[in-house]
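Here are my notes on this model, point by point. Please read them with the structure open.

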Amino acid sequence: MKRVYNFSAGPSMLPETVLEKAAAEMLDYEGSGQSVMEMSHRSKVYDAIIKDAEKLLREVMQIPDNYKVLFMQGGASSQFAMIPMNLMTKSGKADYILSGQFSTKAYQEACKYGDCKVIATSKPDNFSHIPTWDKNEFRADADYFHICMNNTIYGTLFHELPDTGDVPLVADISSCILSQPIDVSKFGLLYAGAQKNVAPAGLTIVIIREDLIGEPLDKTPSMFNYKIIADNDSMYNTPPCYPIYICKLVLEWIQNEIGGLAKMGERNIKKANVLYDFLDNSKLFKGCAEKGSRSIMNATFVTGDADLDAKFVKAATDAGFVNLKGHRSVGGMRASIYNAMPPEGIDKLVALMKQFEEENI
Ligand SMILES: *Cc1c(COP(=O)(O)O)cnc(C)c1O
């Protein structure tokens with residue numbers, strides 16, 4: 001068996017020990033005589049899995065007691081609508097920072113439900129940095145303030161959060177959840193599709209301060225109503241059982257093998273720095289995101305010549321480094337280096353880039 005180094009932006013790599021454990025438990029989960037895929041979500045054995053997953057998430061992320069954890073479906077994209085449906089219910093206003101495609105989609109969706117304001121955008125610079133904001137533009141009566149914390153396509157990260165005072169800060173953390181410690185108490189709501197850093201596709205995690213769970217807009221579908229999902233402990237209908245199980249294994253991996261989120265963060269920063277240090281000194285490759293905005297999960301880079309970019313992607317693929325082609329809106333290359341990418345995957349990628357540089361300059 002040969003496994004590749006997979007730099008996919010999502011779905012993406014999972015830790016090998018997690019896959020091995022899932023494989024070992026595939027036919028008979030803990031003596032139940034069934035796979036987790038086959039069991040009733042109302043069974044005792046499954047109940048322990050979903051409860052453990054939530055308990056571990058609370059421990060690893062240090063989620064305060066006044067926050068609910070919801071296991072949902074529909075991806076982060078469904079949250080673009082669910083957030084306004086559930087939260088934009090007092091003044092009917094919400095503020096948005098546009099730092100990439102996903103925050104723009106979130107904003108466009110929310111515009112269907114109320115009065116949304118763009119506080120800042122870096123679109124004129126093709127989202128190569130996190131835009132700077134002017135606090136005077138924030139609306140004190142907004143029902144929430146939305147950001148996309150890590151911009152998967154452009155490779156940028158909010159290294160500093162806007163101070164929104166009493167207005168709940170809402171963040172899409174799809175591509176940075178569990179990458180480093182985060183102070184949950186600074187947010188009203190955090191959400192993430194699981195397929196980047198947590199589990200296979202199909203699970204969406206919502207972490208919401210309890211006082212924000214209330215009366216949604218009229219005619220909000222039950223499945224989109226945070227109160228109904230919370231009151232039913234994420235079991236209003238069949239939850240994404242198998243991704244929740246893998247989520248539990250990934251959290252065990254972070255806790256037991258990595259040593260927690262602080263260690264995970266240190267490891268990720270080290271990994272990213274190996275790649276960025278190389279890019280900053282390279283005569284051929286150049287990072288796309290501005291230095292002060294760089295993501296530790298997605299690194300975008302180019303050679304400046306589209307043909308040479310394609311040649312590099314092909315050479316890398318042939319050598320077992322796959323999914324390095326950049327998103328079409330940026331071009332060039334993108335290395336998504338999520339939690340599960342081992343440090344040696346980056347060391348070897350950099351070695352390959354060095355060799356390519358020597359041969360092509
Ligand atoms: C991948 C991604 C999304 C889209 O997630 P889906 O689960 O496919 O809807 C949204 N936001 C960010 C930041 C992402 O990385």
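1. Start with S175. Its relative accessibility is 1%, so S175 counts as buried, the cut-off for that being under 20%. Keep in mind that this is a predicted model. S175 sits in a loop, the one that runs between strand 8 (169-172) and strand 9 (189-193).

2. What does the side chain of S175 pair with? A polar contact of 2.9 Å joins it to the side chain of N150. Apart from neighbours within four places in sequence, the contacts of S175 are N150, T152, K196, M297, N298 and Y338. So N150 appears in that contact list and also as the polar partner.

3. Now the ligand. S175 is one of the residues around it. N150, T152 and K196 are there too, and each of these three is also in contact with S175. The rest of the shell is G75, A76, S77, F102, C148, D172, S174 and Q195.

4. Which side chains come within polar reach of ligand oxygens? For T152, an N or O atom of the side chain is 2.5 Å from an oxygen atom of the ligand. For S77, the corresponding distance is 2.6 Å. For Q195, it is 2.9 Å. The ligand on its own has 390 Å² of accessible area, and the protein covers 86% of that.

5. Look at the make-up of the shell. It divides into seven polar residues, three nonpolar and two charged. Which element gives the most to it? Helix 3 (residues 75-87) does, with three residues.

6. Move to S103. This residue belongs to helix 4 (residues 101-110). Is S103 buried or exposed? Its relative accessibility is 0%, so it counts as buried.

7. The side chain of S103 has two backbone partners to inspect. One is the backbone nitrogen of S99, reached at 2.9 Å. The other is the backbone oxygen of G100, at 3.2 Å. Beyond four places in sequence, S103 is in contact with Y96, I97, L98, C148 and N151. C148 is a link back to the ligand, being one of the residues around it.

8. V184 deserves a look as well. It lies in the loop between strand 8 and strand 9, where S175 is also found. With a relative accessible area of 1%, V184 is buried. Leaving out residues up to four places away in sequence, V184 touches M61, I63, P64, Y67, L190 and I207. V184 and V274 are 90 residues apart in sequence, and their C-alpha atoms are 29 Å apart in space.

9. Check the backbone at three places. The peptide bond from G10 to P11 is cis, with omega near -10°. P11 falls in the loop between strand 1 (5-6) and helix 1 (16-24).

10. The other two places have positive phi without being glycine. K219 has a phi of about 65°, and S234 has a phi of about 60°. K219 is in the loop between strand 10 (204-209) and helix 5 (226-231). S234 is in the loop between helix 5 and helix 6 (241-258). How do their accessibilities read? K219 is exposed, with a relative accessible area of 83%. S234 counts as buried, at 5% relative accessibility.

11. Finally, the whole chain. Its secondary structure comes to nine helices and 14 strands. Why call the overall size that of a compact globule? For 361 residues, such a globule would have a radius of gyration near 21 Å, and the chain agrees with its 21 Å. Along the principal axes, the C-alpha atoms fill a box of roughly 60 × 60 × 30 Å.

12. Burial and contacts complete the picture. Of the 361 residues, 57% count as buried. Among contacts with a separation of 6 or more, 69% are between residues 24 or more positions apart. The accessible surface of the chain is about 15,800 Å², and 50% of it belongs to carbon and sulfur atoms.

Technical notes
Residues numbered from 1 in each chain as written. Predicted model: local features only at pLDDT ≥ 70, side-chain atom pairs only at ≥ 80, totals over all residues. Heavy atoms only, no water. Near = heavy atom within 4 Å. Polar contact = N/O pair within 3.5 Å; in protein donor to acceptor, adjacent residues only side chain to side chain. Areas by Shrake-Rupley, 256 points an atom, 1.4 Å probe, with all protein chains shown as cover. Helix = DSSP H or I, 4+ residues; strand = E, 2+ residues; numbered from the N terminus. Nonpolar A, V, L, I, M, F, W, Y, C, P; charged D, E, K, R; others polar. Rg over C-alpha atoms; globule rule 2.2 N^0.38 Å. Buried < 20%, exposed > 50% of the residue type's maximum accessible area, 1.4 Å probe, protein only. Contact = heavy atoms within 4.5 Å.
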